[in-house]
Amino acid sequence: MKDVTEDAMTTVYHWLMGSLRQSWFLWSLIVINFLGSIYGFYWYKDQLEQTSPVWLRIFVPDSPTGSILFTFFLIALLIGRSIPTLEAFAAVTNFKYGVWAVAVIIGGWAMGGTKQWTDYMLMFSHAGMAIESLLYAKFYTIRFRHILAVGIWTTWNDWMDYMLGIHPWLPRVLNPYTPTIGWLTFALSLFSLGIIYYLVQKNRKMV
């Protein structure tokens, strides 16, 4: 039974990896990411309205910004364009905020927060964000300078979020731990930068 399960998983994996450049698969992800991004910006509407001054609002909608950038990357891949800077920003932010959202939701549950149906929806969609960033790593043409650029942006964004209090709203039970979450978010930024660059380098050596 174990061998059958492993064979099935191997088959699915090879089918998935072989589908990544197929136009129907790319179009599917483009639509899913685009619609998810629109919903994400809508999700932040109350926080955006309450954020002042207005120029700070660019730092508020973290997850939908990552997913819309990844949408643009998928479009570029579909038409055969390579835009390393876009790839770096899309891959790192999409992975980072995908992992961040899942971790925060689970953390809220662990601290006694109420489970909502939207939590499961958000966990599924954000896990998908992180996974797709890893799956498409073999198509990135990122160099260290691009990682450096996105590193400056993401760490600055973390500073703005947690020093000015414009980070995504947390489950109420986690509010007392906001400073700790800020440091963990900074650590996640470094990890996200590292894992994307590592995968790019690994795939480059395999070519």
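**Close-up views of a predicted helical chain**

**View 1. Histidine 167 lies in the loop between helix H7 and helix H8 (178–206).** Helices are DSSP runs of H or I with at least four residues, numbered from the N terminus, and strands are runs of E with at least two. The model is predicted, so local features need pLDDT of at least 70 and side-chain atom pairs count only at pLDDT 80 or more, while totals for chains, interfaces and linings use all residues. Residues are numbered from 1 along each chain as its sequence is written, and side-chain values use heavy atoms, with hydrogens and water left out. Histidine 167 is buried, its relative accessible area being 10% (buried means under 20%, exposed over 50%, partly exposed in between, with a 1.4 Å probe and protein chains only). Beyond its neighbours within four places in sequence, histidine 167 is in contact (heavy atoms within 4.5 Å) with Gln47, Asp161, Tyr162 and Thr178.

**View 2. Helix H7 comprises residues 144–163.** Its 20 residues reach 28 Å from the first C-alpha to the last, close to the 28 Å expected at 1.5 Å a residue (the expected span is 1.5 Å times one less than the number of residues). The buried residues of H7 include His146, Ile147, Val150, Gly151 and Thr154. Asp161 and Tyr162 are also among the buried residues of this helix, and both are in contact with histidine 167. After H7 comes glycine 165, with a positive phi near 75°.

**View 3. Helix H5 covers residues 84–110.** With 27 residues at 1.5 Å a residue, H5 should span 39 Å, and its end C-alpha atoms are indeed 39 Å apart. Because 19 of its 27 residues are buried, H5 is largely enclosed by the rest of the structure. Glycine 112, just after H5, adopts a positive phi of about 95°.

**View 4. The whole chain contains 8 helices and 0 strands.** Its radius of gyration is 18 Å, in agreement with the value near 17 Å for a compact globule of 207 residues (taken over C-alpha atoms; the globule rule is 2.2 Å times the number of residues to the power 0.38). The C-alpha atoms fill a box of roughly 45 × 45 × 30 Å along the principal axes. Buried residues make up 43% of the 207 residues. Of the contacts with a separation of 6 or more, 78% join residues 24 or more positions apart.
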